[in-house]
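Me: I'm new to reading protein models and I'd like a close look at one part of this one. Could you walk me through the aromatic rings and the charged side chains around them?

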Amino acid sequence: MSELADDRDGLVHSFLSPEAVRLDLSISGPVPRMLAYGIDLLCMGIVLLLLIAFLMSSSSIGAAIHHFLNGVVRGAVQQSRDAAAQHHQPANPFGGLVIALLVLVEFVVSTCYFIFWEMVTGGRSPGKLIVGLRVVRQTGLPIDLRSSVIRNLMRAVDILPAEYLVGLIAILLSPSGERLGDHVAGTVVIRLDRPETAGEIPLSAGMQKLVLTRAQLAKIGPRELQLIRGVLRRLPQVDDLRRAELVAQAAETMRVRLDLPDLPNSDGVAFLKDLLSAAERSISVR
């Protein structure tokens, strides 16, 4: 389950984690994506030039390519001359063939290029790495091979009629900033904003001592501590309604995790702080 919301920096993709806690991901706008694609386009051009230079440097492969291209050009010239002789029109042997070859080569190279980088780096091509973007699934999980293949094969539609015009229009019209390939593959492009250094969590001096068994304390691992700290640190940044939702979700998640019949404290924030303090004391004496 996911939804979209607006914040001061743009759209936010929200979804429920397996622990039933809502998480927010900042969605990239069209300008950073265009900048990232421009960088990737430059990288693909360099790769193509190096590949052509390597192939032509090999005598056998270069000779085969030269022979093939000569055959294609001769056939195109002959067909154009025949057509011109029959219809009395000027010959244009290269235009359509060159355009078709360029479009085909661009599609194949770009598709393989993006699939390769998304699988190797977990959703980050060199352009996205420089700009600070990442492709993830709508559930927040890393992109998999199936999603990557689908979203990149859909470039054949997004690229129409030229230079990703359809894809750009889809990004502008979509409330979640997705091009058609993202819609079909179930992916989103998010910003990897560098957060500020997390501050210390203020603990109340008059906190109640939360009594937990060793078995219950053993259930509080790194993921649970990350959940508690993340919620407590985020509370000052959200409004009262969102604050109450976050606290209720986190407190209920930890109550179920620890097999507590009910919350020992009606104040959810105090319960989470007590729980964090008890867990930290337990870790310090291990």
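Reply: Here is a walk through the aromatic rings first, then the salt bridges, with a short stop at one helix to finish. Keep in mind that this is a predicted model.

Let's start with the rings. A pair of aromatic rings is described by how far apart the centres are and by the angle between the planes. Searching the whole structure turns up 4 aromatic pairs. Take Tyr 37 and Phe 114: their ring centres are 6.3 Å apart and the planes meet at 15°, so this pair is stacked. These two come from distant parts of the chain, since Tyr 37 belongs to helix α1 (residues 30-57) and Phe 114 to helix α3 (residues 95-121), 77 residues apart. Are they buried or exposed? Tyr 37 has 16% relative accessibility, so it counts as buried. Phe 114 is buried too, with a relative accessible area of 1%.

Now look at Tyr 113 and Trp 117, which make an edge-to-face pair, with 6.5 Å from centre to centre and 65° between the planes. Both of these residues sit in helix α3, 4 residues apart, or about one turn of the helix. Tyr 113 is buried at 9% relative accessibility, while Trp 117 is partly exposed, with a relative accessible area of 27%. Put the rings together and you get one aromatic cluster, formed by Tyr 37, Tyr 113, Phe 114, Phe 116 and Trp 117.

There's a charged neighbour here as well. Arg 155 lies over the face of Phe 114, 3.8 Å from the ring centre.

That brings us to the salt bridges, and the count comes to 9. One of them joins Arg 151 and Glu 118, whose closest N and O atoms are 2.8 Å apart. Arg 151 is in helix α5 (residues 145-153) and Glu 118 is in helix α3, so the pair ties together parts that are 33 residues apart in sequence. Both Arg 151 and Glu 118 are buried. They also belong to something wider: Arg 33, Glu 118, Arg 151 and Asp 182 are linked in a network of salt bridges.

For contrast, try two other salt bridges. Arg 137 and Asp 144 meet at 3.6 Å, N to O. Arg 137 is partly exposed, with a relative accessible area of 24%, and Asp 144 is partly exposed as well, at 27%. Then there's Arg 255 with Glu 252, a salt bridge of 2.8 Å, N to O. Both lie in helix α11 (residues 240-257), 3 residues apart, which is about one turn of the helix. Arg 255 counts as buried, with 18% relative accessibility, but Glu 252 is partly exposed, with a relative accessible area of 36%.

Last stop: helix α10 (residues 222-234). With 13 residues at 1.5 Å a residue, α10 should span 18 Å, and its end C-alpha atoms are indeed 18 Å apart, which agrees. Which residues of α10 are buried? They are Glu 224, Leu 225, Leu 227, Ile 228, Val 231 and Leu 232. These cover an arc of only 160° around the axis, so they are on the same side of α10. Turn to the other side of α10 and you'll find Pro 222, Arg 223 and Gln 226, which are exposed.

How values were computed. Residues are numbered from 1 along each chain as its sequence is written. This is a predicted model: local features need pLDDT of at least 70, side-chain atom pairs count only at pLDDT 80 or more; totals for chains, interfaces and linings use all residues. Side-chain values use heavy atoms; hydrogens and water are left out. The expected span of a helix is 1.5 Å times one less than its number of residues. Buried means under 20% relative accessible area, exposed over 50%, partly exposed in between (1.4 Å probe, protein chains only). The arc is that of the directions from the helix axis to the C-beta atoms. Rings of Phe, Tyr and Trp (its six-membered ring) pair if their centres lie within 6.5 Å; planes under 30 degrees apart count as stacked, over 60 as edge-to-face and the rest as tilted. A charge sits over a ring if NZ of Lys or CZ of Arg is within 6 Å of the ring centre and within 35 degrees of the ring normal. A salt bridge is a side-chain nitrogen of Lys or Arg within 4 Å of a carboxyl oxygen of Asp or Glu.
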